[in-house]
Amino acid sequence: MEYEKESRKSTGVAFVLAVYAASRLFYLISGSLLAYVVPTSSFQRVTLDVPSGSMNIWSHWDGEHYVTLAMGGYLHPPDNVSPAFFPLYPLLLRSFAELFGGPISKEALSVWGPLISLLFLPFAFYFIYHIALEGWGERVARGTILILAFFPTTFFLNAAYTESLFLALSAGSMWAMRVRKDLLLACVLAGFAAATRNVGMFLVVPLMYEWMKDVERFRWRGVYLLLAPGGLFAYMVYLWVRFGDPLLFYSAQESWGRQATGPLDTASRAWGAAVEGAGRLLDPDLWAHPSLGNAANQLAGASNFFNLAFFVFAMVVLVAGSRYLPLSLTVYGLLLVAPATLFGTPGSPLMGTPRYVLVAFPVFIVLALLFRNRVLLGGWLVVSTLLSLVLCGLFVSWRFVA
């Protein structure tokens, strides 16, 4: 029995690494080709793509903010990087750049950002694989990783974004709790996740549920749960000492037009924006050179359609999958997706949803359960991969932001 477990573990590692290598090479190569072919926008261009098609193409949009933050910290003129961006990822970015030498420049850091994302991603795949393996067996575990690796927005896992790091820490926390039964490790990883993104604090909910479900095993160790939101609290203390406002990470988002909204109001505005945007998906201006007329309007409309489509998709999958998933994973998935309805912008009510869905790994476990048939799984992967190339082309050409 022990030999069989070791064999399954080694096979799982080999599978995870193979999918990781194949998928990342696929998107790195595809991204470079698409950046060369698709006319490039000039919306921001702080981290220049020099040479064209280099790793810098993965440091667009929010990646620019993380690069600038790693350069000079928060609210330093002239860049004034917002405290809405949490500190762990840029700290790692700067630390790796200094550790391995070389100039600390925007060009260098915009390469280190994707490298750090690629470094943490196999750990995320490994943890998610074993969560699925423990609960549903090898076929579902393999399907989960394949579906995640070729999901329509999976190219963000290559980018100078927090997705890979957060996914590794959050999935690692749930792996430690559900598979290893190590509450201390689970809470420490959750604490680091909360220093990476504000939604990391939601890990407290599934961890507390798992502790209560098995309280005879953990007993007094429930005190470790105080560590789970520790990264967020530490950041709030820093903001309080430095700027006199512990909630600055929240209020700073107003500079992008984000505002607190109700779910019904968001649903109404999101539907209207998506209906309008759906008509622009096939408009040639979507791929035209940005200097030509209407491209910006076409892009904004298409993004609103994608936002609603990904939100509805994720919610339907999680609700449908509640019969298969343990309550802790269902609730955690919903907590990662649902808040998009509470804090949007007037022009983009569900802004960022396609990217938020990417870290809600219970979604991919449910999809693997639904696509246990190999023909269905293969069909899904083909459609998903083709859509991912479309969105990847929009991202590397400075069009698509989520």
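**Exercise 1. Place Ala314 in the predicted model and say whether Ala314 is buried or exposed**.

Step 1. Ala314 is part of helix 13, which covers residues 295-320. The structure is a predicted model.

Step 2. The relative accessible area of Ala314 is 0%. Buried means under 20%, so Ala314 is buried.

Step 3. Next come the contacts. With neighbours within four places in sequence left aside, Ala314 is in contact with Val337, Val357 and Val363.

Step 4. Tyr356 stands 42 residues from Ala314 along the chain, and the C-alpha atoms of the two are separated by 9.9 Å.

**Exercise 2. Which residues of helix 16 are buried****?**

Step 1. Helix 16 spans residues 362-370, a run of nine residues.

Step 2. Its buried residues are Pro362, Val363, Phe364, Ile365, Val366, Leu367, Ala368 and Leu369.

Step 3. Eight of the nine are therefore buried, and helix 16 is largely enclosed by the rest of the structure.

Step 4. One of these buried residues, Val363, is also among the contacts of Ala314.

**Exercise 3. Check the span of helix 6 against its number of residues, and say how helix 6 is enclosed**.

Step 1. Helix 6 runs over residues 163-178 and has 16 residues.

Step 2. The expected span is 1.5 Å times one less than the number of residues. For helix 6 this gives 22 Å.

Step 3. The end C-alpha atoms of helix 6 are 22 Å apart, which agrees with the expected span.

Step 4. As for burial, 16 of the 16 residues of helix 6 are buried, so the rest of the structure largely encloses this helix.

**Exercise 4. Are helix 6 and helix 14 roughly parallel or roughly antiparallel****?**

Step 1. Helix 14 covers residues 327-337; its axis and that of helix 6 come within 13 Å and cross at roughly 160°.

Step 2. Angles over 145 degrees count as roughly antiparallel, and the two helices are therefore roughly antiparallel to each other.

Step 3. The crossing of helix 6 past helix 14 is right-handed.

Step 4. On the helix 6 side, Phe166, Ser170, Met174 and Arg178 make the contact; on the helix 14 side, Ser328, Leu329, Tyr332 and Leu336 do.

Step 5. Sorted by class, the residues of this contact are five nonpolar, two polar and one charged.

Step 6. A general rule helps in reading such lists: an α-helix has 3.6 residues a turn, so residues three or four places apart point the same way.

**Exercise 5. Describe how helix 5 packs against helix 17**.

Step 1. Helix 5 (residues 138-149) and helix 17 (residues 374-396) have axes 11 Å apart and pack at an angle of about 15°.

Step 2. Angles under 35 degrees count as roughly parallel. Helix 5 is therefore roughly parallel to helix 17.

Step 3. Helix 5 passes helix 17 with a left-handed crossing.

Step 4. Helix 5 brings Arg139, Gly143, Leu146 and Ile147 to the contact, and helix 17 brings Arg374, Leu377, Trp380 and Leu381.

Step 5. The classes in this contact are five nonpolar, one polar and two charged residues.

**Exercise 6. Which residues make the contact between helix 2 and helix 3****?**

Step 1. The axes of helix 2 (residues 62-72) and helix 3 (residues 88-99) cross at roughly 60° and come within 9 Å. The crossing is right-handed.

Step 2. Helix 2 supplies Tyr66, Leu69, Ala70 and Met71, while helix 3 supplies Tyr89, Pro90, Leu93 and Arg94.

Step 3. These divide into seven nonpolar, no polar and one charged.

**Exercise 7. Set out the surroundings of Ala195 and the accessibility of Tyr126**.

Step 1. Ala195 sits in the loop between helix 7 (183-194) and helix 8 (204-213). With a relative accessible area of 12%, Ala195 is buried.

Step 2. Not counting residues up to four places away in sequence, Ala195 touches Phe86, Pro87, Leu88, Gly231 and Leu232.

Step 3. Tyr126 belongs to helix 4 (residues 106-136). Its relative accessible area is 21%, and Tyr126 is partly exposed.

**Exercise 8. How many helices and strands does the chain have, and what share of its residues counts as buried****?**

Step 1. The chain has 17 helices and two strands.

Step 2. Of its 402 residues, 53% count as buried.

Step 3. Among contacts between residues at least 6 apart in sequence, 76% join residues at least 24 apart.

Definitions and conventions
Residues numbered from 1 in each chain as written. Predicted model: local features only at pLDDT ≥ 70, side-chain atom pairs only at ≥ 80, totals over all residues. Heavy atoms only, no water. Axes fitted to C-alpha atoms, helices over the stretch in contact; angles between N-to-C directions. Helix = DSSP H or I, 4+ residues; strand = E, 2+ residues; numbered from the N terminus. Parallel < 35°, antiparallel > 145°, perpendicular 65-115°, else oblique. Left-handed = near helix turned anticlockwise from the far one by under 90°. Contact = heavy atoms within 4.5 Å. Nonpolar A, V, L, I, M, F, W, Y, C, P; charged D, E, K, R; others polar. Buried < 20%, exposed > 50% of the residue type's maximum accessible area, 1.4 Å probe, protein only.
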